[in-house]
Amino acid sequence: MSIARIKRKKGFVYRVKVWRNGKLYSKNFNRSEDAKEFHREVKLSGSELDLGYTFSQAAEEWIKNHAEVRKAPSSVRTDRQMLKDDLLPQMGALPIRDIAPEHVEAIIGTLLGKGASPSSVNRRLELLRAIFYYAMKRRRAIYNPVRVVGLLKTQQPPFDYWERHEASQFLEYVSRKYEGRESDLGLLFKFAMNTGMRLGEVLGLGWGDVDLGNRLIAVRRTYDSYQRRIKETTKGRKLRHVPINSAIYDDLVNMKARRDGELVFSTITGNPKDRSNVTHYFHRDSREAGVRRIRFHDLRHTYASHFMMNGGDIFHLKEILGHSDIKTTMRYAHLSKTFLVDKADTVCFTAEGNLIQAAFRKEAM
């Protein structure tokens with residue numbers, strides 16, 4: 001391996017010299033792990049690299065060919081803003097082959113110095129990492145420096161939810177307020193609380209996806225407030241089914257019988273409701289009902305929290321909420337009264353005479 005340990009005034013550096021396709025690549029690193037990673041990636045890389053290809057060019061290419069094709073417009077706008085504010089000023093003009101872990105660490109230091117949270121820094125690092133992987137697949141970059149540095153450690157973000165008495169107080173208020181009125185806002189709030197669906201999914205729900213006979217809702221699309229259109233996909237990009245409980249079943253039956261239109265919840269003209277208006281009225285009604293202010297999205301947390309507190313299964317909850325990773329659903333696991341208690345006797349050590357015996361429950365196998 002062509003890696004030399006060289007003594008400097010401030011310590012040691014590791015110099016990599018490796019030939020690939022008749023071209024010598026040389027680079028210094030402060031850590032031997034970084035040097036080994038660089039050496040490996042050069043050996044595995046394909047054709048000769050374009051030495052003048054800058055990070056700015058790579059970022060724009062990634063935006064055009066990847067982000068704009070595969071991501072929501074609002075996400076693309078956020079990515080462009082993060083690039084403009086935090087990444088391009090420091091490394092935009094650098095040839096992508098010259099960007100090292102030290103450059104990534106410098107960006108981390110700058111962002112933390114401005115007061116950014118670890119999770120906010122990680123969003124920038126994830127964007128940077130994605131651009132480098134894109135460039136590597138197209139033989140534009142040798143290796144990914146973000147992979148060497150890694151993401152910052154973060155705590156699971158807290159979430160809020162209503163206790164049962166708060167949810168009941170709110171629903172009692174909106175039931176009285178909207179009784180006899182044409183507005184379906186009261187039922188929309190109740191529906192969201194009893195299904196755990198995202199607001200975009202609620203606003204994009206059509207009657208064709210509500211199976212009252214089998215008491216199931218097929219969640220297959222969402223309303224994109226940025227583009228102001230219904231997209232035939234959800235955040236998780238997969239179809240899932242949500243059960244219709246007894247609290248909203250009769251409401252849906254009565255609503256379907258007296259209203260026309262394709263959407264379950266809509267304006268009087270049959271168009272999708274405006275997301276910002278719905279959240280505005282939700283906060284207004286919460287205040288008037290005298291309950292603690294939470295976000296509309298916290299109705300989803302309210303559903304999930306009470307699902308677990310009432311004996312629900314974490315794997316069923318994952319499917320209902322549409323999480324792609326069980327780790328996301330596990331944030332609700334601690335709310336289950338039986339989650340750990342009923343596992344207490346999985347392993348039991350007892351002393352009998354001079355022997356210690358471990359009794360293993362068969363169902364834990």
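Among contacts in the chain between residues at least 6 apart in sequence, what percentage join residues at least 24 apart? In this predicted model, the share comes to 59%. The chain itself runs to 365 residues, and 42% of them are buried. Its secondary structure adds up to 14 helices and ten strands. As for the outside, the accessible surface is about 20800 Å², with carbon and sulfur atoms accounting for 50% of that area.

One helix pair is worth a look. Helix 2 (residues 55–70) packs against helix 5 (residues 118–137) at an angle of about 90 degrees, and their axes sit 9 Å apart. That angle makes helix 2 roughly perpendicular to helix 5. On the helix 2 side, the contact is made by Phe55, Ala58, Ala59, Glu61, Trp62, Asn65 and His66, while helix 5 brings in Leu127, Leu128, Ala130, Ile131, Phe132 and Tyr134. Sorted by class, this contact has ten nonpolar, two polar and one charged residues.

Now to the charged side chains: the structure holds 22 salt bridges. One of them pairs Arg292 with Glu166, at 2.9 Å from N to O. Arg292 sits in the loop between helix 11 (275–289) and helix 12 (298–309), whereas Glu166 belongs to helix 7 (residues 164–178), so this pair ties together parts that are 126 residues apart in sequence. Arg292 is partly exposed, at 35% relative accessibility, but Glu166 is buried, with a relative accessible area of 10%.

Two further salt bridges involve the loop between strand 5 (216–219) and strand 6 (222–224), which carries Arg220 as well as Arg221. Arg220 meets Asp209 at 2.7 Å, N to O. Asp209 lies in the loop between helix 9 (199–203) and strand 4 (210–211), so the parts tied together here are eleven residues apart in sequence. Of these two partners, Asp209 is buried at 12% relative accessible area, and Arg220 is partly exposed at 37%.

Arg221, for its part, forms a salt bridge with Glu262, and their closest N and O atoms are 2.5 Å apart. Glu262 is found in the loop between helix 10 (246–258) and helix 11, so the pair links parts that are 41 residues apart in sequence. With a relative accessible area of 48%, Glu262 is partly exposed, while Arg221 is buried, at 10%.

Salt bridges also join up into a network, in which Lys177, Arg284, Asp285 and Glu288 are linked.

Key. Residues numbered from 1 in each chain as written. Predicted model: local features only at pLDDT ≥ 70, side-chain atom pairs only at ≥ 80, totals over all residues. Heavy atoms only, no water. Axes fitted to C-alpha atoms, helices over the stretch in contact; angles between N-to-C directions. Helix = DSSP H or I, 4+ residues; strand = E, 2+ residues; numbered from the N terminus. Parallel < 35°, antiparallel > 145°, perpendicular 65-115°, else oblique. Contact = heavy atoms within 4.5 Å. Nonpolar A, V, L, I, M, F, W, Y, C, P; charged D, E, K, R; others polar. Buried < 20%, exposed > 50% of the residue type's maximum accessible area, 1.4 Å probe, protein only. Areas by Shrake-Rupley, 256 points an atom, 1.4 Å probe, with all protein chains shown as cover. Salt bridge = Lys/Arg side-chain N within 4 Å of Asp/Glu carboxyl O.
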